[in-house]
Amino acid sequence: MMAPRAQAGAYEAKLPDDLHTAKDLCALVPCADVFPAASSFSPRMGQPPYVEAYGTAEAGKKKLLGYVMLSTDITDTPAYSGKPVVTLIGMDVTGHFTGIKVLKHSEPILLLGIPESALLKFNQQYVGKSVTDKIEVGQTRADEGVLGVDAISGATVTVIAQNQVLMTSGAAVARQVGIMAPVVREAAHYAVTGQHYSWEQLVKEGALQKVQVKNEQLGLEHSDTPFIELWFGDLNHPDIGRSLLGDNSWNNLHSQLKPHEHALFVIRTAGKESFKGSGFVRGGIYDRVQVKQGGDSFTFRDLDYLNLYGIAADGAPAYTESAIFVIRSKGFSASYPWKLSFLGNRIDRATGSKSFTSFDTAYWMPASYLEGGRPQIEEAAAPWVRVWKSKALEITLFALLLVAVSVVYAFREKLTRLSTHKNKWPVNAFKYSAWALSIGFVGFGAMAQPSITQVLTWFHALLFQWTWSLFLTDPFIFLFWIFIIVTVFLFGRGLFCGWMCPFGSLSEAMYKLGGLIGLKRFQGHLPRVWHDRLKWVKYGIFFGLLTISVFSMGLAEMLAEVEPFKTTFLVGISHRAWPYGLFVCTLLGLSLFIERPYCKYICPLGASLAMPSTFRWFGLRRKQDCNSCKACAVGCGSLAIDAAGRIDHRECLHCLDCMVLYTDVKACPPLAKERKRRERDGLEITAIGRDGYFIPIHPVSVDTVNTVSTKQGPDPRMPTDPVAPPHKAGARGLRWLWLELRDHLWPWSAEGWASQKALQIAGLSLALAVSLAWLLAAMGRLSSAAIIGWWFGWSVYEVLIRLSGRRYVKDGPWWQANYRYASVMDMLSYVGFKNLLIGAVLFLTLKTLGLLLV
Ligand code: SF4
Ligand code: SF4
């Protein structure tokens, strides 16, 4: 048994530079850990490589006990992080696994949420099982011959990928050494027309493929010419071979090949690096290129190499290096897809460490060149596809839950009108059901608590590299984020935070529980003045994490432990060190007395969602009298209603209590007053209109209503006072569009110039510097991190400049023109969000043009 400590610290562990090339693998890694019975090991052998494990020598002869292999020599199946888990695997001569050791992984969940020992336990399940077994993550299904292994809750993608890696690696070696029968693929039957094709025609049909590796992909300085550019293709097919080589050369080549042998060509059309490898010596192996088909790899020795004397096809490009390689295995068939793999050393620009990277380019002979077309093949589905399939029912139920909550909320006014201040059950029945499901099914069941680390990952992915598979690997989180993004822009963060966040729901449920168990008299809010100060803490935490993540994602993820989510839902209090458990217990204990203390003051996720909530499209209703009547504010558990009766949509958690009051003719003071008056005077009690007042008995002109409203102090229907930027008045069509664009891109103004000249001049200089920074980035002379730093600094300055001149933001949808006075937070939210979008567009453009250093 391996001691759990043996794998501690495998997260992003530094591995020897020559791990993938050194002949003596076991001098670099502890092979004995995965093959305890062995006393010595051979050098690397075979293709894909493995080492032999020997017992103690008897009569001077070593006894072969089994094999040890390095997973990344065989497959680079990525796990959750998008990187492979580098694993050392031991297997005896009968194909039974003897030990598995993770040398390096990049799974954040195993660093922070789930202990690494969980992966050790998972791997341990394979010891004693055979590579010939059909092992799958999940239940054993004896009738189908499937042997199940238990997953790690919360790390399904990691273990599904790990299962694929162990079985693929084991099988690749088992086939070579005769434990499993080698794969024999049916030889291709070519459809031959006798036609000669030009280079262009062959490219168009897919009979030729290009490999292009850029300097940046290997961690080298940007260059206009690629590190290497290769073209390759099949030469066995008579039409392709004759077109490329000419009839004589092809006949000559054909006569040298045995029936099952297969020739392909490679030429270099750009770059200085040799694809034959600088270290190549006669009798050696070409270590820069190999061919992969299914689980098999084919490498080339000098005897598998033939000179390519020229390309006869019209329009062929000039080339500076060339080769014909021959695959001599019966396992290869031209009917099936294969890949040409170019192997390079990647240098990590941050650490200077080298790692082995392969660039695979797929090739599949076009169907028209094969008799009967291409054969049907069953490719192993990507891990994320398997996750979606294996949890189809839960995923469907979750999606239905999200749709149901959205629909219920969209019809909230019907529910609030059915409710009264005394009986809120028409609203609460739905809200409490949503809480129960979010805590039980979503939180503890599906472990789908969204987290700030996902926001940071999205932020980085948006700027650096968007990989759909990275986000699709967790279906619940993926669907949850679609729900969050849509509802934040429609209604604000309140629907997610107030109804669907598992921890938020748990926290508020604790508060309700506190009331039920007799703690009501101890329950209350922090004094308003303290609340108004402390609510900014969560924004500080969010900005802190965002800034740190630019420099070190690992550190940011570690600091994101400020979220109690992992301890509560993913790992469980009892499985974590006591400080984490104490933190969760303190928060939940406090929640018995104060409504959602974590949500109000600490949650960086809530803060990140609050900022775009500034621009929600649909707000809650307010009426003019809300500015003097404090009834709603008294009942608002989120303290989101200010002294003027205005709702801060960043803080509102959509409990809907104020909306119930809004139409409650007995509890809303102005309505109760009017109701009583009408009752006293024997007048008709009409329904409550959308404006929150009784529908007038006699129609009143709009002007009259407006005049009445504006007379009575601040208008609580807007979060801040309305503003009418003079230059926007009456603008239509193209002029409107131009002014809109100028407003977003040009923060300076005449007013700002008059009042804060120094600030404006400094801003202008900074803007010039930032433009220069973008220009340098566009020329490939500035790294991504540097440009993010500049952009960040500029954004802070832009906030200051706008506050001194263009101090307004839009309220509601961007295509409308409801401007209002901007608070500092409004401006931060606006500039932050706008510049994130502009930055992402510029980044993506530079990346598409291949100009940004990664
Ligand atoms: S503030 Fe944070 S914990 Fe609270 S409901 Fe929102 S996301 Fe959840
Ligand atoms: S009472 Fe407060 S938290 Fe509830 S909906 Fe109204 S403003 Fe939002």
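1. How many bridges join strand S9 to strand S10, and in which direction do the two strands run relative to each other? In this predicted model, strand S9 (residues 228-234) and strand S10 (residues 262-271) run antiparallel and are joined by seven bridges. A reader who wishes to locate the pairing can start at Gly233, whose bridge partner in S10 is Phe265.

2. These two strands belong to an open sheet of five strands, ordered S8-S9-S10-S14-S13, in which the pairing is antiparallel. At the edges of this sheet lie strand S8 (208-213) and strand S13 (305-306), each of which pairs on one side only.

3. Ligand 1 sits in the largest cavity, and helix H16 (494-500), helix H23 (597-601) and helix H24 (604-613) are the elements that give two or more residues to the shell around it. Among the residues around ligand 1 are Cys497, Cys501, Cys599 and Cys603, together with Arg493 and Arg596. By residue class, the shell around ligand 1 divides into eight nonpolar, two polar and two charged residues.

4. The second largest pocket has a volume of about 960 Å³, and of the 34 residues that line this pocket, Phe459, Phe542, Gly832, Phe833 and Leu836 are the closest to its centre. Helix H33 (824-848) is one of the elements that give two or more residues to the lining, as is H24, and H33 gives the most, with 10 residues.

5. As for the character of that lining, the residues of the second largest pocket divide into 28 nonpolar and six polar, with no charged residue, whereas the shell around ligand 1 includes two charged residues.

Notes
Residues numbered from 1 in each chain as written. Chains lettered and ligands numbered in written order. Predicted model: local features only at pLDDT ≥ 70, side-chain atom pairs only at ≥ 80, totals over all residues. Heavy atoms only, no water. Near = heavy atom within 4 Å. 1 Å grid on protein atoms, 1.4 Å probe; cavity = no way out; pocket = protein on both sides within 12 Å on 5 of 7 lines; lining within 4 Å. Sits in = over half its atoms within 2 Å of the grid points. Helix = DSSP H or I, 4+ residues; strand = E, 2+ residues; numbered from the N terminus. Nonpolar A, V, L, I, M, F, W, Y, C, P; charged D, E, K, R; others polar. Pairing = 2+ DSSP bridges. Points joined across faces, edges and corners; volume = space filled by probe spheres on them.
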